Amino acid sequence: MQAGETAGSTAVALDDATVAFRLADTRVYTAVEKARLTVDHGEFVAIVGPTGCGKSTLLNVAAGLLRPASGTVRIFDRPLTGLNRDAGYLFQADALFPWKTAIDNVAIGLEIAGAPRALALERAQGWLTSVGLGAFGNRYPHMLSGGQRKRIGLAQVLIRDPKILLMDEPFGPLDAQTRQIMGNLLLELWNADRKAVLFVTHDLEEAIALADRVVIMSAGPSARIIGDWRVPLARPRDISEIRMEKDFHALHREIWSVLKDEVMKGYAQSSQAPVGAAS
Amino acid sequence: MSRAGLLLCQLLVAVVALVLWQVLATVPVFGRILLPPFFFSNPVDVGSQIVDWFVRGVIWKHLLITLWESILAFVIGSIAGVAVGFWFARQPRVAAVFDPYVKMANALPRVVLAPIFTLWLGLGIWSKVALGVTLVFFIVFFNVYQGVKEVSTTVLDNGRMLGMNERQLTRHVYWPSALSWMFSSLHTAVGFAVVGAVVGEYLGSAAGLGYLIQQAEGVFDVAGVFAGMFVLSAFVILIDLVVTSVERRLLVWRPTAAEGRG
């Protein structure tokens with residue numbers, strides 16, 4: 001990583017980014033309105049909001065998979081055009097290539113960048129070991145559990161050494177214990193080189209336990225960013241331990257008092273079949 | 001049921017059917033033979049006809065011709081189906097233009113094409129191969145088209161975010177997906193390749209299993225017709241076994257294929 005070039009600068013900066021989708025009947029659905037958000041270099045930011053509020057939409061904008069209707073996206077102080085080449089994206093749904101073995105799934109990022117296959121496989125084996133699946137390289141994704149697939153996904157993204165890590169409820173489908181284990185693994189890997197992380201979740205506890213900053217979004221449509229808290233907890237952290245701390249509870253109560261209303265609003269809207277389901 | 005028990009029951013069905021056929025075709029019931037030998041022959045005659053074919057070796061030539069026609073029809077139809085399916089799926093505009101014609105061609109009963117193919121390509125193997133190709137092509141084409149169209153958007157986005165360009169997406173995402181759908185239609189495609197070959201032979205040829213059956217029918221040799229049918233069934237089952245083993249090798253990454261290994 002070229003620390004000199006990027007140190008101190010802002011990794012991701014969304015400035016008044018508005019995202020709208022054209023619906024089938026020519027109406028326009030505004031998912032996110034005038035979102036202003038920055039992620040500093042080496043900072044771990046979690047976005048929390050009710051379901052369907054456009055958290056993932058915001059992440060897709062940062063990834064360059066979606067263009068904002070208005071506003072700007074800057075990555076390391078340069079306007080983003082096309083895909084965000086500095087970012088690695090861990091998707092919510094299964095995104096591994098089902099026809100490739102675990103090790104090939106991890107190695108592919110290097111291979112398509114032109115690395116020799118032998119080298120790519122060697123590095124992939126190293127990453128498989130880092131995520132605790134060193135002996136599972138020749139398994140196909142369907143032979144692995146949900147948690148194991150997420151670990152492979154993490155290795156697949158991290159092997160390319162992206163400067164920014166975008167994560168869309170990556171541990172959403174996992175059971176509570178596996179989530180904690182994955183959270184600790186993520187923190188451990190992140191601690192090694194402190195990438196900028198934008199982590200989307202609907203779980204406030206997970207957000208506080210992992211992040212340096214927690215950003216709250218209002219219920220959609222036209223979701224806005226309505227709160228931004230710094231997490232005053234020391235690192236390194238242990239996810240399962242940190243939930244017992246007093247500071248954790250205080251912050252949780254404070255944020256929840258804001259988030260609760262939005263969750264109720266979001267729930268009320270989602271039970272009325274809104275126009276255009278955008279999550 | 002255990003494997004042996006199942007096999008025993010399956011054999012029993014065949015034995016009962018054959019015995020019933022033999023009895024009804026030879027022993028009078030209330031003074032009448034229910035299955036007149038002229039129309040129904042009997043298992044012993046059919047069996048001896050089959051044995052005779054194999055002992056004299058005449059059957060091998062016909063089997064080889066039919067096998068060769070089926071293989072050619074399958075290979076040519078598959079290659080064309082994969083190529084066109086892939087092309088259409090990646091170029092929606094082309095697909096939209098050709099859509100009504102594809103539907104029209106697929107709606108046509110293929111048998112009516114046989115005389116045209118015979119006229120164009122003669123009585124040799126190529127008119128049968130052509131008939132098989134028209135059947136195989138559409139199965140593979142529709143499957144590959146579907147396979148490329150239905151690649152998960154998440155997997156595609158993941159490929160893009162990992163840095164793949166369009167060419168690499170084609171190679172690492174679209175292509176494997178299309179091939180997996182093609183392989184999942186393997187049984188049907190191979191089956192239709194054989195159907196094309198045999199129907200073509202039946203309608204006009206000088207060799208092959210279809211020819212053998214048609215010849216026997218021409219001289220009211222019912223035993224010959226049945227014998228041809230049994231050889232054909234055994235032939236198809238053998239091919240199917242080969243296809244199944246190929247499929248297991250190719251689709252190890254698929255949950256269903258792997259679970260079926262049992």
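Here are some notes on this two-chain model, which is predicted, taken point by point.

1. **How chain A splits up.** Chain A is divided into domain 1 (3-86 + 164-270) and domain 2 (95-161). Taken over C-alpha atoms, the centres of domain 1 and domain 2 of chain A are 25 Å apart. Where they meet, domain 1 of chain A puts in 9 residues and domain 2 of chain A puts in 7 residues. On the domain 1 side, helix α6 (residues 176-193) of chain A supplies the largest share, 4 residues. That side of domain 1 divides into 8 nonpolar residues, 1 polar and no charged.

2. **The open sheet in chain A.** Have a look at the sheet with strand order β2-β1-β4-β5 (chain A): 4 strands form it, it is open, and the pairing is antiparallel. The edges are taken by β2 (28-40) and β5 (78-79) of chain A, each of which has a single partner strand, so one side of each is left without a neighbour in the sheet. Strand β1 (residues 10-22) of chain A is joined to β2(A) by 9 bridges, and the two run antiparallel. If you want a register to check on screen, A13(A) has T38(A) in β2(A) as its bridge partner. When you follow side chains along a strand, keep in mind that in a regular strand they alternate between the two faces of the sheet.

3. **The helix across that sheet.** Lying across β1, β2 and β4 (70-75) of chain A is α2(A), which runs at about 120° to β1(A). How many residues of helix α2 (residues 55-63) of chain A are buried? The count is 9 of the 9, so the helix is largely enclosed by the rest of the structure. The buried residues of α2(A) include K55(A), S56(A), T57(A) and N60(A), along with L58(A), L59(A), V61(A), A62(A) and A63(A). Following α2(A) comes G64(A), whose phi is positive, near 85°.

4. **A strand with two partners to look at.** Strand β9 (residues 213-217) of chain A has 4 of its 5 residues buried, so β9(A) is largely enclosed by the rest of the structure. With strand β3 (residues 44-48) of chain A, β9(A) shares 4 bridges, and these two run parallel. There, I47(A) stands opposite V215(A) in β9(A). With strand β10 (residues 225-230) of chain A, β9(A) shares 5 bridges, and this pair runs antiparallel. In that pairing, M217(A) has I225(A) in β10(A) as its bridge partner.

5. **Backbone spots worth a second look.** The peptide bond from R235(A) to P236(A) is cis, with omega near -5°. You will find P236(A) in the loop between β10 and α8 (239-242) of chain A. Next, D16(A) has a positive phi of about 50° although it is not a glycine, and D16(A) lies in strand β1 of chain A. Then there is E169(A), also not a glycine, with a positive phi of about 35°; E169(A) is found in the loop between β7 (164-168) and α6 of chain A.

6. **Buried or exposed?** What about the surroundings of D16(A) and E169(A)? With 12 C-beta neighbours inside 10 Å, D16(A) counts as exposed, because the cut-off for exposed is 12 or fewer. E169(A) has 21 other C-beta atoms within 10 Å and is buried, since 20 or more is what that label takes.

7. **Where the chains meet.** In the contact between the chains, 17 residues of chain B touch 19 residues of chain A. On the chain B side, α8 (153-161) and α9 (166-184) of chain B each supply at least two residues. The largest share of that side, 6 residues, comes from α8(B). By type, the chain B side divides into 9 nonpolar residues, 6 polar and 2 charged.

8. **The nonpolar core.** The largest nonpolar core has 134 residues, and those with the most contacts inside it are A62(A) and V136(B). Helix α7 (residues 125-149) of chain B gives the most to this core, with 15 residues. Leaving aside neighbours within four places in sequence, V136(B) is in contact with A73(B), F74(B), G77(B), S78(B), G81(B), A189(B), F192(B) and A193(B). As for A62(A), this is one of the buried residues of α2(A) from point 3.

Notes
Residues numbered from 1 in each chain as written. Chains lettered and ligands numbered in written order. Predicted model: local features only at pLDDT ≥ 70, side-chain atom pairs only at ≥ 80, totals over all residues. Contact = placed C-beta atoms within 7 Å. Nonpolar A, V, L, I, M, F, W, Y, C, P; charged D, E, K, R; others polar. Domains from an automatic or database assignment. Pairing = 2+ DSSP bridges. Axes fitted to C-alpha atoms, helices over the stretch in contact; angles between N-to-C directions. Core = buried A, V, L, I, M, F, W, Y, C linked by C-beta atoms within 7 Å.
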